[in-house]
Amino acid sequence: MASVLLTQAQAQVPVIRIDGSSTVFPITEAMAEDFQTMVRGKVRVTVGVSGTGGGFKKFCRGETDIQDASRPIQQKELEACRAKGVKFIEIPIAFDAAAIVVSTKNTWIQQISIPELKKIWSPDAQGKIKKWSDVNPAWPQERLNLYGPGSDSGTFDYFTEAVVGKAHSSRGDYTASQDHNVTVAGVTQDKWALAYIPLSYYEENKSKLKVLGLIGGEKSPKKSEPVLPSRETVETGVYFPLSRPIFIYVNEASLNKQWVAQFVKYYLKEAPRIVPEVKYVPLPAKAYEMGLSRVQGKKLGTVFGGHSEIGLKLDELLNREGSL
């Protein structure tokens, strides 16, 4: 009888449904845990990890209240949301970067350039670039084992656009996973591995991994100088072109639910504290204030027009008007 009553009580607790990016997941998970503790179990917050693309499919069907996204909503997703009448507010919540990592047993490489990464990850590299020496003759004539996120990942989308020049344009013969921890484990155990992962996952595992300096090319503020990913280089955009803002998207209709509105307000208020705790780069305080203003004023839509932009500065992002 007691278990039946407990089940009935649980069924009556409101649920805030969140899904999407595995990159944004650690931030939202920490927010959800703290928020549920604060409200003493009066609401349940579920946080799924379908990847940015997988999450948007659910979000644009109206199945979730909040979408975690490691890149902006894309044109096909915008059209899916329009078809279902889903309107939303786009809120940047932190900075992140794609870190290029290898095994700690790797002794022959300290840095890598965007042209070298493009040579490795372009679709036409499949079947051709098989060894480290195929990229650079100075590197070992040993098999190059690649690891990275799956195609539903926003990190995959951003990396392929920034490095290869087109989102989703990538070789397919690599070990792919939606779970970045699986990628970390693979690289840790493989001397011949190379991968790209969110910076926060490197920060959590820096004793197990070696991060490479990135030479960003002519458009980079440092041009031919290798730059390591860090809070400073990501925030200033010097770690180019693999620095990026990450987001949450809030379903406008869900804001009519008391607990969703309260949770989003809590998220933006506590972000300056929680974001760095989970190894991400926080935005300036004014960005969270503007995010809260967007929510309170119900400023709908995206400022990206249905595509990602490489190297966009935060001030420019915050001063744009969104559209649906």
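**Group meeting talk: a walk through the model**

Let's start with a loop: Pro241 sits between helix H10 (231-235) and strand E11 (243-251). The peptide bond leading into that proline, from Phe240 to Pro241, is cis, with omega near 5°. For background, most peptide bonds are trans, and most residues other than glycine have a negative phi. Oh, and keep in mind that what we're looking at is a predicted model.

While we're on backbone oddities, there are a couple of lysines to show you. Lys223 lies in the loop between strand E10 (213-215) and H10, and its phi is near 50°, a positive value in a residue that isn't glycine. Lys223 is partly exposed, at 44% relative accessible area. Then there's Lys279, in the loop between H11 and H12. Its phi is positive too, near 75°, and with 40% relative accessibility Lys279 also counts as partly exposed.

That loop brings us to its two helices. How do the axes of H11 (residues 258-277) and H12 (residues 285-296) cross? At roughly 170°, coming within 9 Å. Anything over 145 degrees counts as roughly antiparallel, so that's what H11 is to H12. On the H11 side, the residues that meet H12 are Val264, Lys265, Leu268, Ala271, Pro272 and Val275. Facing them from H12 are Tyr288, Gly291, Leu292 and Val295.

Stay on H11 for the salt bridges. The structure holds 11 of them. In one, Arg273 pairs with Asp34, and the closest N and O atoms are 3.1 Å apart. Arg273 is in H11 and Asp34 is in helix H2 (residues 25-38), so this pair ties together parts that are 239 residues apart in sequence. Both ends are partly exposed: Arg273 has 35% relative accessible area, and Asp34 has 28%. Arg273 also bridges to Glu277, at 3.7 Å from N to O. Those two both lie in H11, 4 residues apart, about one turn of the helix. Through shared partners, Asp34, Glu270, Arg273 and Glu277 join into one network.

Elsewhere, Asp173 and Arg171 make a salt bridge at 2.7 Å. Here Arg171 is buried, with 4% relative accessible area, whereas Asp173 is partly exposed at 37%.

Now for an acid without a partner. Asp68, in strand E3 (residues 66-69), is buried and has no salt bridge. Which side chain of opposite charge is nearest to Asp68? That's Lys58, and it's 11 Å away. What Asp68 does touch, beyond its sequence neighbours, includes Asp19, Ser21, Thr28, Thr52 and Phe247.

Thr52 belongs to helix H3 (residues 51-59), and 7 of the 9 residues there are buried, so H3 is largely enclosed by the rest of the structure. The buried ones are Gly51, Thr52, Gly53, Gly54, Gly55, Phe56 and Phe59. Their cover includes strand E1 (15-20), E3, H4, E4, helix H7 (154-164) and E11.

Speaking of E4: the largest nonpolar core has 102 residues, and strand E4 (residues 88-103) supplies the largest share, 12 of them. Ile93 is among the members that touch the most others. Its contacts away from its own stretch of sequence include Val24, Phe247, Leu268, Val275 and Tyr288. You'll recognise Leu268, Val275 and Tyr288 from the meeting of H11 and H12.

Last stop, the outside. Is Lys76, in helix H4 (residues 75-84), buried or exposed? It's exposed, with 73% relative accessible area. From its C-alpha to that of Asn205, 129 residues along the chain, is 35 Å.

Technical notes. Residues numbered from 1 in each chain as written. Predicted model: local features only at pLDDT ≥ 70, side-chain atom pairs only at ≥ 80, totals over all residues. Heavy atoms only, no water. Buried < 20%, exposed > 50% of the residue type's maximum accessible area, 1.4 Å probe, protein only. Lys, Arg positive; Asp, Glu negative; His and termini not counted. Salt bridge = Lys/Arg side-chain N within 4 Å of Asp/Glu carboxyl O. Contact = heavy atoms within 4.5 Å. Core = buried A, V, L, I, M, F, W, Y, C linked by side-chain atoms within 4.5 Å. Axes fitted to C-alpha atoms, helices over the stretch in contact; angles between N-to-C directions. Parallel < 35°, antiparallel > 145°, perpendicular 65-115°, else oblique. Lists of a residue's contacts leave out its neighbours within four places in sequence.
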